[in-house]
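Let's take a walk through this structure together, one neighbourhood at a time. Please keep the sequence and the 3D view open side by side as you read.

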Amino acid sequence: MDTAIVTGASSGIGLAVSRTLCETGYEVFGFGRNFTEPANEKERLKGRFHPIVCDVLDTPKLTEHVKQILAKHHVRVLVNNAGTAYYGLHEELNPQKIQKMVRTNLEVPMILAQQLLRPLKKNAGYIINIASVTAVGTNPHGCAYGATKAGLSSFSHSLFEEARKYGVKVVCIYPDMTKTKLYRNADFREGDEAGSYLLPEEVAQAVRYIVSQREGLVVSDITLRSQLHRILRKPAK
């Protein structure tokens with residue numbers, strides 16, 4: 001059975017992607033800091049989902065888990081989904097927040113791609129990076145976050161050119177504001193109208209589309225936008 005590795009798999013987009021890949025026939029190893037999915041969710045995944053409690057910023061632990069998976073499984077898909085975001089004026093951030101965004105959003109995908117590239121070449125596999133629409137254009141009140149996603153986009157494009165002759169498909173997905181926990185540190189949230197945000201399952205459907213294409217076709221970039229642009233300010237605490 002083909003195997004997939006998904007980061008940030010305990011909730012939101014990562015959980016939805018894991019569920020979709022299980023339904024597509026993959027065995028999924030999902031990395032997350034904690035897993036509290038209900039019993040009916042476990043039943044829905046039918047034993048194909050294997051949660052791995054791991055802080056992806058713990059590089060030695062992360063790479064050791066990857067080696068253990070590779071020793072026993074035919075890894076064909078890597079989904080770099082784990083992300084961290086802090087918003088506001090750049091001068092109001094601190095070095096710790098900047099470092100956490102750079103490491104989570106850019107360093108970890110680079111490390112995992114490096115660790116998995118040889119087996120993915122052998123298996124003609126996929127590297128799917130979940131970026132953001134903020135990767136393109138300017139991002140006042142989110143300069144650092146947007147820069148990490150722009151870096152992930154650049155990395156994706158360059159890695160595809162480097163690895164395409166070996167059969168590796170590198171794809172970058174650019175979701176608009178999605179109804180997840182990503183904005184828990186922000187002073188704003190998505191709008192109330194259904195047309196003002198994406199759902200995690202909709203991003204997961206893009207992953208399904210990517211892995212279902214015929215061998216030889218690569219959809220290298222997918223942008224998902226909400227119909228409406230609505231951002232609501234959270235009440236002051």
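Two residues are in contact here when they have heavy atoms within 4.5 Å of each other. What you are looking at is a predicted model, in which local features need pLDDT of at least 70 and side-chain atom pairs count only at pLDDT 80 or more, while totals for chains, interfaces and linings use all residues. Residues are numbered from 1 along each chain as its sequence is written, and side-chain values use heavy atoms, with hydrogens and water left out.

A good place to begin is M177, which sits in the loop between β6 (169–175) and β7 (188–190). Helices and strands are DSSP runs numbered from the N terminus (H or I of at least four residues for helices, E of at least two for strands). Not counting residues up to four places away in sequence, M177 touches Y183, F188, R189, E190, Y197, L198 and I231. One of these partners, R189, is 12 residues from M177 in sequence, and their C-alpha atoms are 8.8 Å apart. Is M177 buried or exposed? Its relative accessible area is 9%, so M177 counts as buried. The cut-offs are these: buried means under 20% relative accessible area, exposed means over 50%, and partly exposed is in between, using a 1.4 Å probe and protein chains only.

Next, look at the helices. Two packed helices are described by the angle between their axes and the distance between the axes. Each axis is a line fitted to C-alpha atoms, for helices over the stretch in contact, and the angle runs from 0 to 180 degrees between N-to-C directions. Helix α4 (residues 95–122) packs with helix α5 (residues 143–163) at about 15 degrees, their axes lying 8 Å apart. The two helices α4 and α5 are therefore roughly parallel. That label is for angles under 35 degrees, while those over 145 are roughly antiparallel, 65 to 115 roughly perpendicular, and the rest oblique. The crossing of α4 past α5 is right-handed, the near helix being turned clockwise from the far one by less than a right angle (anticlockwise would be left-handed).

Which residues make this contact? On the α4 side they are M101, V102, N105, L106, P109, M110, A113 and L117, and on the α5 side A144, Y145, T148, K149, G151, L152, F155, L159, E162 and A163. Sorted by class, the contact of α4 with α5 has 13 nonpolar, 3 polar and 2 charged residues. In this sorting, Ala, Val, Leu, Ile, Met, Phe, Trp, Tyr, Cys and Pro are nonpolar, Asp, Glu, Lys and Arg are charged, and the others, Gly among them, are polar.

Helix α4 also meets α3: their axes come within 11 Å and cross at roughly 30 degrees. That makes α3 roughly parallel to α4, and this crossing is right-handed. From α3 the contact uses T59, L62, T63, V66, K67 and L70, and from α4 it uses R103, E107, V108, I111, L112, Q115, L116 and P119. Its make-up is 8 nonpolar, 3 polar and 3 charged residues.

Zoom in on L70, found in helix α3 (residues 59–72). Leaving aside neighbours within four places in sequence, L70 is in contact with V75, Q115, L116 and P119. L70 and P119 are 49 residues apart in sequence, yet 8.1 Å apart in space, C-alpha to C-alpha. With a relative accessible area of 27%, L70 is partly exposed.

Back in helix α5 you will find S153, which is buried at a relative accessible area of 8%. Beyond its neighbours within four places in sequence, S153 is in contact with A135, C172 and Y174.

What about the cysteines? A search of the whole structure finds 0 disulfides, a disulfide being a pair of cysteine sulfur atoms within 2.5 Å. C172 is in no disulfide, and the nearest cysteine sulfur, that of C143, is 20 Å away. C172 counts as buried, with 0% relative accessibility.

Our last stop is A206 in helix α6 (residues 200–211). Apart from neighbours within four places in sequence, A206 is in contact with I173, I222 and L224. A206 and I222 are 16 residues apart in sequence and 7.6 Å apart in space, C-alpha to C-alpha. At 8% relative accessibility, A206 counts as buried.
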